[in-house]
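Colleague: I would like to go through this model feature by feature. Please give the general idea each time, then the case at hand.

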Amino acid sequence: MFKTIILAFDGSPAALKAFDYALDIAAKYRAVLHIIAVARPPEISEDVETEALLEQAETYFDEAFAQLRQRAANAGLLIECTVRVGHPAEQIVILAEELDADLIVTGHRGRGVFERWLLGSISRLAVAYAHCPVLVVR
């Protein structure tokens, strides 16, 4: 049923909990698990700033990805990890389309009603625009 699963990862406790769910599902279905972390660029940016941001994000996530790779290896799975620059929900949906993913897994962040209304949420936008099911882990 699931061949390709994408996990949206930001290093938060909610993302780590979502990883547990994604890893469990991937192990049961022998699916490929792709983990995406997205760095947001400044509002007005130049190519040099974007490249520097991507380098910083890759350095930041390398340690977290190493731990996730180890946990996946312990479960007998290999995972693919990538860092992109852009709006998180947009990059998650784009990757899902590129890989023809069967499932997106994301953590839920508890925000206040006003902040959620004003900013929206990554998981809500992924649910709205993804071509595949989205599992939001609370």
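Modeller: What follows goes from the overall chain to the core, the aromatic rings and a few single residues.

Modeller: This is a predicted model, in which local features need pLDDT of at least 70 and side-chain atom pairs count only at pLDDT 80 or more, while totals for chains, interfaces and linings use all residues. Residues are numbered from 1 along each chain as its sequence is written, and side-chain values use heavy atoms, with hydrogens and water left out.

Colleague: What is the mean pLDDT of the chain?

Modeller: pLDDT is the predictor's confidence in each residue, from 0 to 100. The mean for the chain is 88, and 88% of its residues reach 70 or more. Among the elements, strand 1 has the highest mean, 98, and helix 4 (residues 113-119) the lowest, 48.

Colleague: How many helices and strands are there in the chain?

Modeller: Helices (H or I, at least four residues) and strands (E, at least two) are DSSP runs, numbered from the N terminus. The chain has five helices and five strands, in the pattern β-α-β-α-β-α-β-α-α-β along the sequence.

Colleague: Why does the span of helix 1 agree with its 17 residues?

Modeller: The expected span is 1.5 Å times one less than the number of residues. For the 17 residues of helix 1 that gives 24 Å, and the end C-alpha atoms are 25 Å apart, which agrees. R30 follows helix 1 and has a positive phi, near 55 degrees.

Colleague: Which residues of helix 1 are buried?

Modeller: Buried means under 20% relative accessible area, exposed over 50%, and partly exposed in between (1.4 Å probe, protein chains only). In helix 1 the buried residues are A14, A15, A18, F19, A22, L23, I25 and A26. Over the chain, buried residues make up 42% of the 138 residues.

Colleague: Which residues have the most contacts inside the largest nonpolar core?

Modeller: In soluble globular proteins, nonpolar side chains tend to be buried together. A nonpolar core is a set of buried Ala, Val, Leu, Ile, Met, Phe, Trp, Tyr and Cys residues joined through side-chain atoms within 4.5 Å. The largest one here has 30 residues, and I5, L7, F9, L33, I35, F65 and V105 have the most contacts inside it. Strand 1, helix 1, strand 2 (32-39), helix 2, strand 3 (79-85) and strand 4 (103-107) each give two or more residues to this core. Domain 1 (33-86) and domain 2 (89-137) both contribute, so the core lies between them; the domain bounds come from an automatic or database domain assignment.

Colleague: How many aromatic pairs does a search of the whole structure find?

Modeller: A pair of aromatic rings is described by the distance of the centres and the angle of the planes. Rings of Phe, Tyr and Trp (its six-membered ring) pair if their centres lie within 6.5 Å; planes under 30 degrees apart count as stacked, over 60 as edge-to-face and the rest as tilted. The search finds five pairs. F2 and Y29 have ring centres 5.0 Å apart and planes at 90 degrees, so this pair is edge-to-face. It links F2, in the segment before strand 1, to Y29 in helix 1, 27 residues apart. F2 counts as buried at 16% relative accessibility, whereas Y29 is partly exposed at 37%.

Modeller: F9 and F65 form a tilted pair, with 6.3 Å between centres and 45 degrees between planes. F9 lies in the loop between strand 1 and helix 1 and F65 in helix 2 (residues 47-74), so the pair ties together parts 56 residues apart in sequence.
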